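User: I would like to learn how to read the features of a protein model step by step. Could you take me through one, giving the idea behind each feature and then the case at hand?

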Amino acid sequence: MPTPIEARLEALATELKRAGITYHELTPMADTGLAHDHVWIHRGEGDDWVARLPKQSQMNLPPEENIAYQTACYQRASQGGHTPTLYDTLAPSEALPRGGLLVEAIRGRLAKLPEDLHAIADALASLHSQPLPSEALRAPLLAPEDPWQAMKDEVRQQANWLGDAQLSSKVTQRIKQELDLLPPRLSEATPRLISFDTHPGNFLIRDDGRAVLVDLEKCRYGLPGIDLAHTSLYTSTTWDVSSQAVLSLSDVISFYRRWQTTVGETPDIDTLIACRRATWLWSLTWCAKWRAQHLNAVDAQQRGEDWSAELTDPAVIDHVRDRVEHYLSLSIIDHVHSELQCLQVSL
């Protein structure tokens, strides 16, 4: 009987043949995340591809809609020149129940912090600078009428898992106190194309120093401050094993200012801080949600969102569990809260 990896490769080979796509070899890549398996497709002459095969949908979409959503993410983000090119898609099938995307294989090194923050700021600016399409052309990407209210609603929806996460009463109380600090509205809330998943582990740095955002599945029309926060928060910069770093306050300020210079605008400081707090709370409430759900059995029907630990390498699950417990500790909550207060008067 083939191993799960062998079965995955066999299924991919079947679908590539059906699509008429030629290649020399398929090589499974290391399992490093909770949402996708990745396979390197060797095609030769510098034209290698990567197959992104969903384990689940972080947008909680059924397979067909999930592939359509991710396709739109890559197509739109690639216009900025800092994301992989999308070459083809594999529709959900019996062999690959969640389908897959075939994207450009990026040759580069992992991001190093704080050295590569400016390159990452430039990559984000290329995304955020894209013209906003008319409302009729924004689908299938999320495009809420009020992006700030939508962000708050998403955070509070995840916060419903606090009661099931078996946290201490003190931790739950502190998170709820931070939730109460989110302002009811923002003076500046113009939506832009954003990634919504810009932790530094999702970037590769090419030989020419250009940063490439390689993981795109949550794009939407929202607030750029969310991406800036997700790149530079403690809960992001210490998430990925390969690019862990604790940024200084001056590192964070320099990153924000580089983005402001590259994008050519100076956003409202209160808006940036509000987005930073909301993004941090999104991460904390996601941790609570994962803590409550990861011991569930895998969804045999493979329908939408699925945080079952059965889908991912045990070593990765151990790492995620470690990070979740760390971020939900009182000392780290206090640390990030203090940084927010300092940034409020320093940006």
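**Reading the fold, feature by feature**

Analyst: Let us begin with a proline: Pro114 lies in the loop between strand S6 (109-110) and helix H3 (117-128). Please keep in mind throughout that this is a predicted model.

User: Which form does the peptide bond from Leu113 to Pro114 take, and what is its omega?

Analyst: The angle to read is omega, and for the bond from Leu113 to Pro114 omega is near 5°, which makes the bond cis. A cis bond also joins Ala139 and Pro140, where omega is about 5°, and Pro140 is placed in the loop between H3 and helix H4 (147-159).

User: Before going further into local detail, how should I judge the overall form of the protein, and what is its radius of gyration?

Analyst: The idea is to compare the radius of gyration with the value for a compact globule of that length: for 347 residues this would be near 20 Å, and because the protein has 20 Å, the two agree. Along the principal axes, the C-alpha trace spans about 55 × 45 × 40 Å. Within this form there are 11 helices and 10 strands, and 53% of the 347 residues count as buried.

User: How is the contact pattern of the protein distributed along the sequence, and what supplies the area that the protein exposes?

Analyst: Taking contacts between residues at least 6 apart in sequence, 72% join residues at least 24 apart. The protein exposes about 15,500 Å², of which carbon and sulfur atoms supply 50%. As for charge, there are 32 positive and 47 negative side chains, and the centres of these two sets lie 3 Å apart.

User: Where does Glu45 lie, and what is notable about its phi?

Analyst: The backbone angle to read here is phi, which for Glu45 is near 55°, a positive value in a residue other than glycine. Glu45 sits in the loop between strand S2 (36-42) and strand S3 (49-54), and with a relative accessible area of 87% it is exposed. Gln166 can be read in a parallel way: its phi is near 55°, again positive in a residue other than glycine, its place is the loop between H4 and helix H5 (169-180), and its relative accessibility of 71% counts as exposed.

User: How should I read a sheet, and in what order do the strands S6, S8 and S9 stand?

Analyst: A general point comes first: in a regular strand, side chains alternate between the two faces of the sheet. Here three strands form an open, antiparallel sheet in the order S6-S8-S9. S6 and strand S9 (211-213) each have a single partner strand and stand at the edges, so one side of each is left without a neighbour in the sheet. Between S6 and strand S8 (residues 203-205) there are two bridges, and Leu110 stands opposite Leu204 in S8.

User: Is strand S5 enclosed or open to the outside, and which residue is the bridge partner of Val50?

Analyst: Five of the five residues of S5 (residues 100-104) are buried, so the strand is largely enclosed by the rest of the structure. S5 pairs with S3 in the antiparallel sense over four bridges, and the partner of Val50 is Val103 in S5. Strand S4 (residues 86-90) is also joined to S5 by four bridges and runs antiparallel to it, with Asp88 opposite Leu102.

User: Which helix offers a case of burial, and how many of the residues of H6 are buried?

Analyst: Helix H6 (residues 224-232) is mostly covered, for nine of its nine residues are buried; among them are Pro224, Asp227, His230 and Ser232.

User: What of residues with charged side chains: are Glu339 and Arg174 buried or exposed?

Analyst: The step of reasoning needs one cut-off, since buried means under 20% relative accessible area. Glu339, in helix H11 (residues 330-346), is buried at 12%, and, leaving aside neighbours within four places in sequence, Glu339 is in contact with Leu233, Leu249, Val252 and Arg276. Arg174, which lies in helix H5, is buried at 16%. Not counting residues up to four places away in sequence, Arg174 touches Leu330, Ile333, Asp334 and His337. The C-alpha atoms of Arg174 and Arg321, which are 147 residues apart along the chain, are separated by 20 Å.

Key. Residues are numbered from 1 along each chain as its sequence is written. This is a predicted model: local features need pLDDT of at least 70, side-chain atom pairs count only at pLDDT 80 or more; totals for chains, interfaces and linings use all residues. Side-chain values use heavy atoms; hydrogens and water are left out. The radius of gyration is taken over C-alpha atoms; the globule rule is 2.2 Å times the number of residues to the power 0.38. Buried means under 20% relative accessible area, exposed over 50%, partly exposed in between (1.4 Å probe, protein chains only). Contact means heavy atoms within 4.5 Å. Accessible areas come from the Shrake-Rupley method with a 1.4 Å probe; for residues, only the protein chains shown count as cover. Lys and Arg count as positive and Asp and Glu as negative; His and the chain ends are not counted. The place of a charge is taken as NZ of Lys, CZ of Arg, CG of Asp or CD of Glu. Two strands pair if DSSP finds at least two bridges between them.
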